[in-house]
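User: I am in my first year and would like a close look at one part of this structure, the disulfide and its two cysteines. Could you take me through that part slowly, and then turn to the pocket?

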Amino acid sequence: MGSLDRSKKRSHLAKKALVHFSLCFVMGFFTGFAPHSTATLFRHRPVKSVGVVDASLIQIPRSFPAAVLPEGDADPPPPKDVGRDREPQSPSRRLLIVVTTTRSNDRLQGAYLRRLAHTLRLVPPPLLWVVVQAHADALATAEMLRTTGVVYRHLTFKENFTDPAAEADHQRNVALSHVEFHRLAGIVHFAAASNVYDLRFFDEIREIQAFGAWPVADVSTNGKRAVLDGPICHSSKVEGWILKDLSGDKRLSVTSTDMNPKPPKINISGFGFNSSILWDPERWGRSTSLPDTSQDSIKFVHEVILEDGTKLKGIPADCSRIMVWQL
């Protein structure tokens with residue numbers, strides 16, 4: 001009996017050891033597939049994706065000059081030297097900021113805007129189209145802008161005007177205040193909705209370092225009137241200005257007697273400028289002690305261009321080709 005009991009006891013211990021060994025083997029086998037630590041497990045947990053807003057769908061229901069933005073309505077602007085320390089971009093990658101004003105009583109405005117949108121779609125990026133409009137008329141235009149495929153910002157205002165010229169200048173100031181507040185670094189061009197372009201023009205204005213000017217042909221819709229307005233250049237240097245009605249001139253000739261040393265006013269679609277002049281005037285030789293110009297930026301830009309012709313680049317190189325037509 002004693003030997004039988006001892007044999008059973010040894011058999012029981014062997015089975016117990018085999019079960020224990022099997023459990024340890026199974027646990028070790030599956031442990032090999034587990035992460036090395038709980039920290040690793042949480043560190044590599046997938047992060048929820050963040051939605052990206054398409055810039056072409058951005059709308060601004062109302063615009064404010066930078067000086068009167070209410071607290072909390074927008075992020076604070078970057079530091080004053082943000083544009084100064086930024087590395088210069090190659091001309092082919094420089095942002096074009098195309099500003100278009102609107103008129104409430106223009107029955108062809110919708111068609112003109114759509115045609116201009118088709119033109120801007122053909123321009124290599126980056127390009128931002130800033131459309132300014134009275135708040136009451138903005139809804140229909142907003143619907144159209146969403147379908148253009150052009151990156152845009154739609155700015156509106158609520159002020160009322162009886163003078164169309166004053167309203168147009170106000171719209172340009174609204175756009176420039178927006179550009180200044182958000183430090184949109186690029187080349188600004190004012191494009192009337194009815195303008196017609198040679199696409200090479202947009203490549204040319206990307207070469208502007210400070211200011212640029214070019215000839216514009218003002219053509220009546222019936223084709224009976226044509227006025228040439230713009231600079232006369234030697235190479236890229238502007239040497240004078242011309243404003244001449246060529247309607248009765250079959251040769252379309254321009255002589256030295258037609259040239260003026262300075263124009264009384266530059267055609268609004270006949271010049272462009274580096275937007276950093278709005279927030280970094282010292283970079284372009286302007287004193288920061290000048291009176292605040294945020295309420296009349298377009299007047300300020302006109303004055304700067306007319307005062308200092310040394311930084312003005314003629315486009316194209318000899319200003320001999322018209323690339324912008326106004327109807």
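Analyst: Cys233 counts as buried in this predicted model, because its relative accessibility is 13%, which falls under the cut-off of 20%. Its partner in the disulfide is Cys319, and the two sulfur atoms lie 1.9 Å apart. Cys319 is buried as well, with a relative accessible area of 10%. The link between Cys233 and Cys319 is left-handed, with -60° about the S-S bond, and it joins distant parts of the chain, since the two residues are 86 residues apart. Cys233 belongs to strand E8, which covers residues 226–234, whereas Cys319 sits in the loop between strand E12 (312–314) and strand E13 (324–326). The structure holds one disulfide, and this is the pair that forms it.

Turning to the pocket, the largest one has a volume of about 940 Å³. It is lined by 35 residues, of which Thr101, Arg172, Ala192, Ile268 and Gln326 are the closest to its centre. Among the elements that give two or more residues to this lining are strand E1 (96–100) and helix H3 (109–121), while helix H5 gives the most, with seven residues. Sorted by class, the lining of the largest pocket has 14 nonpolar, twelve polar and nine charged residues.

Helix H5 also holds Gln171, a residue that is buried, with a relative accessible area of 1%. Leaving aside its neighbours within four places in sequence, Gln171 is in contact with Thr101, Thr102, Val132, Gln133 and Phe157.

Terms used. Residues numbered from 1 in each chain as written. Predicted model: local features only at pLDDT ≥ 70, side-chain atom pairs only at ≥ 80, totals over all residues. Heavy atoms only, no water. 1 Å grid on protein atoms, 1.4 Å probe; cavity = no way out; pocket = protein on both sides within 12 Å on 5 of 7 lines; lining within 4 Å. Points joined across faces, edges and corners; volume = space filled by probe spheres on them. Helix = DSSP H or I, 4+ residues; strand = E, 2+ residues; numbered from the N terminus. Nonpolar A, V, L, I, M, F, W, Y, C, P; charged D, E, K, R; others polar. Buried < 20%, exposed > 50% of the residue type's maximum accessible area, 1.4 Å probe, protein only. Contact = heavy atoms within 4.5 Å. Disulfide = S-S within 2.5 Å.
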